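Please examine the model shown below together with its sequence. The report that accompanies it is arranged by topic.

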Amino acid sequence: MTSIEGYNDVDPGVQIDRLIHASDGSDASQALTDLIEAARDVTFVAAILQHESFRSALLNLIATGNLMRSLDDEGDDVDEASSTNEKILVEDGTSLSCDLLTNLLAVNTKVDTAKLFIRHRGKHGPAKFGVVHCLLDALSSTSTLPYEKIHVISILRTLLKLKPQSLQDELIRAPDGMHRAILEPAFGITINEVAKVKIPEEMVRNEALVFAREFAEKSPISRQLLVFNAGLEYSIRIATELEGGLWNLPASSAVIIDCLGLCRVLVREEEAGGQ
């Protein structure tokens, strides 16, 4: 992706300030929209990625839908417990922020954007734990809409392609990482009630099943994680019961095919391990 005429004259610092210091949710939403357009330009993207405050604001928006501010945003060395925190709800904040992050990850710059966001540790809010933690927060939140969850899973799939080992490590380290990334959106397995299954939204489940298969195909450790967390058991259950089973084709064929595809990958690992 190359520079686009018209965006070379846009000051990245000004655009970032418009977002971070937005007066209300509407201003923040417009700032995000403008950043999404400007993020098609490679020079602009390389510049804004250098701003820690921008990366933190973006990740907090993804995780919570809120623009989160504290005295830290001004660069002051302030203890978080004593700082003044402010949250501004941004309509479609998670969706717009996911759009912007998707654009940033697609632009080819000298900066390793995926690595930068995975390693990012902000000063406050969910951004303190990096992009994967923020994506998981959005995915497991009851306030996140289905189409936003699909977008979140799409970013996880992108990170899996770009940085498979780093993503796997982050999912292992994150609290209930596998549950929130795959088991809950794909199979409806809640963290505190493993025995109960709540059928997820169909499109969310479909996207999560594709991500689960792609994740399982990356490494033996990935497959073992899914097998250990009952991924094989619940894939079979969805294919044979929750979607009307193998006798309900072709209405449920896409889901069944995704489930069986995941089973095939996981069974291969079980056979290799002699289990």
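The sections below treat the nonpolar core, the salt bridges and one pocket of this predicted model.

## Nonpolar core

In soluble globular proteins, nonpolar side chains tend to be buried together. Here the largest nonpolar core comprises 81 residues. Within that core, Leu19, Leu104, Ile182 and Phe187 have the most contacts.

The surroundings of Ile182 can be described in detail. When neighbours within four places in sequence are set aside, Ile182 is in contact with Phe187, Phe211, Ala212, Phe215 and Leu226. Phe187 is thus both a contact of Ile182 and one of the core residues with the most contacts.

## Salt bridges between helices

Side chains of opposite charge can pair when their charged atoms come close. The structure contains eleven salt bridges, among them two that involve helix α11.

One of these joins Glu214 to Arg157, with 2.7 Å between the closest N and O atoms. Glu214 belongs to helix α11 (residues 202-218) and Arg157 to helix α8 (residues 146-162), so that distant parts of the chain, 57 residues apart, are linked. Glu214 has a relative accessibility of 15% and therefore counts as buried, the limit being under 20%.

The other pairs Asp258 with Arg213 at an N to O distance of 3.8 Å. This pair likewise links distant parts of the chain, since Asp258 lies in helix α14 (residues 253-272) and Arg213 in helix α11, 45 residues apart. Asp258 is buried, its relative accessible area being 15%.

## Further charged pairs

Arg121, Glu170 and Arg173 form one network through salt bridges that share partners.

A further salt bridge connects the side chains of Arg40 and Glu37, with an N to O distance of 3.4 Å. Arg40 has a relative accessible area of 37% and is partly exposed. Glu37 is also partly exposed, at 38% relative accessibility. Both values fall between the 20% and 50% limits, which is why neither residue is classed as buried or exposed.

## The second largest pocket

The second largest pocket encloses about 200 Å³ of space. Its lining consists of 15 residues, and those nearest the centre are Thr64, Gly65, Thr94, Ser143 and Glu148. Two elements, α4 (52-64) and α5 (93-106), each give two or more residues to this lining. The largest share, three residues, is supplied by α4.

What is the chemical character of the residues of this lining: nonpolar, polar or charged? Seven of the lining residues are polar, five are nonpolar and three are charged.

Definitions and conventions:
Residues numbered from 1 in each chain as written. Predicted model: local features only at pLDDT ≥ 70, side-chain atom pairs only at ≥ 80, totals over all residues. Heavy atoms only, no water. 1 Å grid on protein atoms, 1.4 Å probe; cavity = no way out; pocket = protein on both sides within 12 Å on 5 of 7 lines; lining within 4 Å. Points joined across faces, edges and corners; volume = space filled by probe spheres on them. Helix = DSSP H or I, 4+ residues; strand = E, 2+ residues; numbered from the N terminus. Nonpolar A, V, L, I, M, F, W, Y, C, P; charged D, E, K, R; others polar. Core = buried A, V, L, I, M, F, W, Y, C linked by side-chain atoms within 4.5 Å. Buried < 20%, exposed > 50% of the residue type's maximum accessible area, 1.4 Å probe, protein only. Contact = heavy atoms within 4.5 Å. Salt bridge = Lys/Arg side-chain N within 4 Å of Asp/Glu carboxyl O.
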